[in-house]
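Here are a few exercises to work through with the model open on your screen. Try each task before you read its solution.

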Amino acid sequence: MAPAKCSVLVSLSIVLLCFGPVCSQAQPVFACDVSNNPGLKNFSFCDPSLDVKARVDDLVARLTLQEKIGWLVHEAKGVSRLGIPSYGWWSEALHGVSDVGGGSRFTGPVPGATSFPQVLLTGATFNESLFQAIGKVVSTEARAMYNVGSAGLTFWSPNVNIFRDPRWGRGQETPGEDPLLSSKYAAAYVRGLQEREDGDKSRLKVAACCKHYTAYDLDNWKGIQRYNFNAVVTQQDMDDTFQPPFKSCVLDGNVASVMCSYNQVNGKPTCGDPDLLAGVIRGEWKLNGYIVSDCDSLNEILYAQRYTKTPEEAAALAVNSGLDLNCGEFLTKHAQAAVDRGLLNETTINRAISNNFATMMRLGFFDGSPKNQLYGNLGPKDVCTPQNQEFAREVARQGIVLLKNGPGSLPLSPTVIKSLAVIGPNADVTHTMLGNYEGKPCKYTSPLQGLTASVPTVYHPGCSGVSCGAAQVDAAKKVAAAADAVVMVMGSDQSIEGESLDRVSITLPGQQQLLISQVASVSKGPVILVVMSGGGMDVQFAKDDPKITSILWVGFPGEAGGAAIADVIFGYYNPSGRLPMTWYPQSYVEKVNMTDMNMRADPTRGYPGRSYRFYKGPTVFSFGYGLSYSQFNHKLVKAPTSVSMDLEEDHVCRSSTCRSIDAVGHSCKNNAAIEVHLSVKNVGRMGGSHTVLLFSSPPEVHGAPRKQLLGFEKVHLVPQGEGVVRFNVDVCKHLSLVDEKGNRNVALGEHVLHVGNLKHSLNVII
């Protein structure tokens with residue numbers, strides 16, 4: 001989102017905001033303050049009884065061209081003669097209200113907000129209702145902050161890009177590598193942010209924004225920058241992998257905004273591609289909202305990509321392509337000149353600001369004082385509530401993934417352990433747990449604090465930081481040798497992987513591996529390796545070392561991360577998280593160029609493919625992998641062995657052999673669906689939740705995935721408890737494939753459904 005090179009812009013944004021109404025102490029920003037300016041009642045755009053279009057049309061008709069241009073940029077300029085204040089569009093809420101962007105801040109009555117785990121760990125919960133519940137908490141806290149002048153109403157979250165390459169520094173911000181999981185997360189989180197408690201679908205609680213559209217998953221790798229990177233993407237990969245989360249945002253989540261990205265796709269800047277913006281987002285998907293640029297991306301079109309010759313041409317290209325709002329000042333500086341040169345007309349500007357104003361109308365910005373509206377009673381008391389803080393801990397618990405667990409290792413007994421060695425550069429961190437796009441949390445519980453709450457601990461950092469240039473091996477070994485058990489909290493932070501920083505190596509940084517192995521060699525009891533990181537790590541050495549008895553991945557677990565880690569380690573909580581991304585070996589990144597966007601394997605050039613869906617090669621840990629302290633058995637209760645597709649009498653496949661049929665034609669109008677019911681039994685001695693992942697391996701046609709996720713559910717079972725999990729599988733939606741031309745087809749023949757080790761054959765016939 002916010003480029004490092006734009007730090008000046010961010011600082012300037014904050015300064016500008018603080019001279020405007022948004023920084024007035026304890027006062028929200030809003031237009032149409034008829035109580036203090038009765039004359040505003042005469043303006044139709046201030047009349048909430050009228051429909052949005054009528055109000056927007058009235059407002060736009062009253063503005064001069066310069067006033068209109070002032071609402072094409074994220075630091076929108078007030079129109080005092082019409083009772084409209086300045087407004088800062090840029091707020092963030094990736095995993096809690098953030099102060100990135102300047103539209104929201106933590107001062108005065110609200111010093112912090114609930115900071116949930118970084119999104120990738122939330123993705124590991126595979127819990128769709130949880131995704132929406134997080135959004136609901138975040139939007140409530142956002143509205144409460146807005147009411148005291150500490151936040152805006154437009155939040156440029158979530159990030160729904162596909163975590164295509166393990167080196168990507170921003171993979172941590174996403175739900176993972178799978179299009180279905182990302183789509184489900186996107187729609188659910190957006191609904192949680194936007195949907196009002198009164199059920200009024202025409203209005204918004206806050207406005208969400210799905211970013212970064214599209215095929216954006218490289219920041220800064222070996223000197224290759226996102227600002228001028230050209231992502232060469234096949235139509236098949238575009239429609240099969242990169243576009244689904246954005247499509248789901250708009251169609252299923254009814255998101256209020258989509259943000260176009262810095263990069264080019266197939267030689268065209270995404271913020272200047274009419275096919276991607278006006279054609280797909282607005283035309284095919286019917287976005288009800290506004291399209292915004294990533295910050296300063298219009299600048300990059302001109303200067304980094306040299307796609308246009310003049311700033312006026314870049315300004316015209318973006319707005320004519322369907323862009324409505326510019327994060328930055330580019331359109332303030334160059335839109336008028338573009339109009340003067342005949343490159344951009346006022347009618348097109350009217351379209352853009354109409355989309356912007358319509359969004360603000362739906363938010364109630366033009367309805368007068370928010371104190372008289374649905375959320376007017378919210379305030380500081382509704383931020384950082386005990387319930388919200390406990391919920392952040394619960395989300396982290398549900399996401400933590402148990403990757404290895406030897407006999408007699410986890411869970412540790414707090415009554416048996418008399419001395420616990422806690423070692424590692426991430427063992428006593430606080431801010432690291434938040435990840436990026438963070439706000440100021442309500443409070444922190446570090447891993448050391450969480451563990452010390454249950455047993456006596458002895459702490460040693462082992463390294464001066466995560467880069468671990470010189471591990472303090474001897475001192476750490478001394479601490480470990482004297483303890484009953486050892487917990488090593490290792491991994492990364494934003495200095496290793498983050499925005500504008502992709503990794504080159506996916507091994508643990510510096511001498512972390514040396515430290516881990518040496519400490520394990522002298523330990524007399526269980527050794528638990530806790531990996532705190534954004535992306536996967538090649539920890540094959542630890543997986544193979546019998547002295548390292550357990551491995552946990554905890555992502556960046558949020559403000560309550562330390563408490564959640566302790567809950568899992570001591571068995572207060574039975575882990576149920578599953579990896580939302582493949583953990584590759586280091587050899588993968590040594591072989592595969594990060595700039596290669598192809599998802600499918602190509603044996604002719606030794607290319608192994610990407611993600612669990614297409615990758616053909618060894619893994620350290622696979623997508624969907626995760627252990628529990630219990631054992632869960634699956635049994636198929638209900639599933640057909642075949643499903644017949646209805647064809648027209650003259651369909652070509654009635655007279656000739658076909659390998660697939662069109663998924664949007666007559667055959668799919670009847671919505672062919674099947675039910676798959678599974679009995680799940682907890683045969684262990686500990687109650688807990690179990691994550692059920694339903695996959696399909698389709699026939700080998702059209703470069704089909706090796707397997708793909710059809711659905712996921714979470715079920716909680718007591719010891720020896722049994723439950724039924726039901727999946728409704730839409731044949732045309734869930735079993736279809738995208739062919740080489742980007743068309744969706746249903747493959748005929750055997751589809752193998754599987755959950756864990758259970759497999760079932762389903763034949764699609766005509």
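**Exercise 1: A pair across the chain**

Find the salt bridge partner of Asp-165 in this predicted model, then say where both residues sit.

Step 1. Asp-165 forms a salt bridge with Arg-610, and their closest N and O atoms are 2.7 Å apart.

Step 2. Now place the two in the chain. Asp-165 belongs to the loop between helix 5 and helix 6 (179-194), while Arg-610 belongs to the loop between helix 20 (586-591) and helix 21 (611-614). The pair thus links distant parts of the chain, 445 residues apart.

Step 3. Check the surroundings: Asp-165 and Arg-610 are both buried.

**Exercise 2: Buried or exposed?**

Classify Asp-382 and Lys-381, which form a salt bridge, as buried or exposed.

Step 1. The closest N and O atoms of Asp-382 and Lys-381 are 3.0 Å apart.

Step 2. Buried means under 20% relative accessible area. Asp-382 has 18% relative accessibility, so Asp-382 counts as buried.

Step 3. Exposed means over 50%. Lys-381 has 59% relative accessibility and therefore counts as exposed.

Step 4. For practice, turn to Lys-268, which forms a salt bridge with Asp-275 at 3.8 Å between the closest N and O atoms. Lys-268 counts as partly exposed because its relative accessibility is 33%.

**Exercise 3: A buried arginine without a salt bridge**

Work out what surrounds Arg-578, which is buried yet has no salt bridge.

Step 1. Locate Arg-578 in the loop between helix 19 (561-569) and helix 20.

Step 2. Look for a side chain of opposite charge. The nearest one, Asp-178, is 13 Å away. A salt bridge needs the side-chain nitrogen and the carboxyl oxygen within 4 Å.

Step 3. Look at the backbone instead: the oxygen of Thr-691 lies 2.9 Å from a polar atom of the Arg-578 side chain.

Step 4. List the neighbours. Leaving out residues up to four places away in sequence, Arg-578 touches several residues, among them Ala-124, Phe-126, Val-401, Tyr-625, His-690 and Leu-693.

**Exercise 4: Into the core**

Which residues have the most contacts inside the largest nonpolar core?

Step 1. This core has 125 residues, and those with the most contacts inside it are Phe-45, Trp-71, Trp-156, Phe-365 and Phe-366.

Step 2. Helix 5 (residues 128-147) gives the most to this core, with nine residues.

Step 3. Zoom in on Phe-45. Beyond its neighbours within four places in sequence, its contacts include Cys-32, Leu-59, Leu-82, Ile-84, Met-361 and Phe-366.

Note on methods
Residues are numbered from 1 along each chain as its sequence is written. This is a predicted model: local features need pLDDT of at least 70, side-chain atom pairs count only at pLDDT 80 or more; totals for chains, interfaces and linings use all residues. Side-chain values use heavy atoms; hydrogens and water are left out. A nonpolar core is a set of buried Ala, Val, Leu, Ile, Met, Phe, Trp, Tyr and Cys residues joined through side-chain atoms within 4.5 Å. Buried means under 20% relative accessible area, exposed over 50%, partly exposed in between (1.4 Å probe, protein chains only). Helices (H or I, at least four residues) and strands (E, at least two) are DSSP runs, numbered from the N terminus. Contact means heavy atoms within 4.5 Å. Lys and Arg count as positive and Asp and Glu as negative; His and the chain ends are not counted. A polar contact is a pair of N or O atoms within 3.5 Å; within protein, one must be able to donate a hydrogen and the other to accept it, and residues adjacent in sequence count only if both atoms are side-chain atoms.
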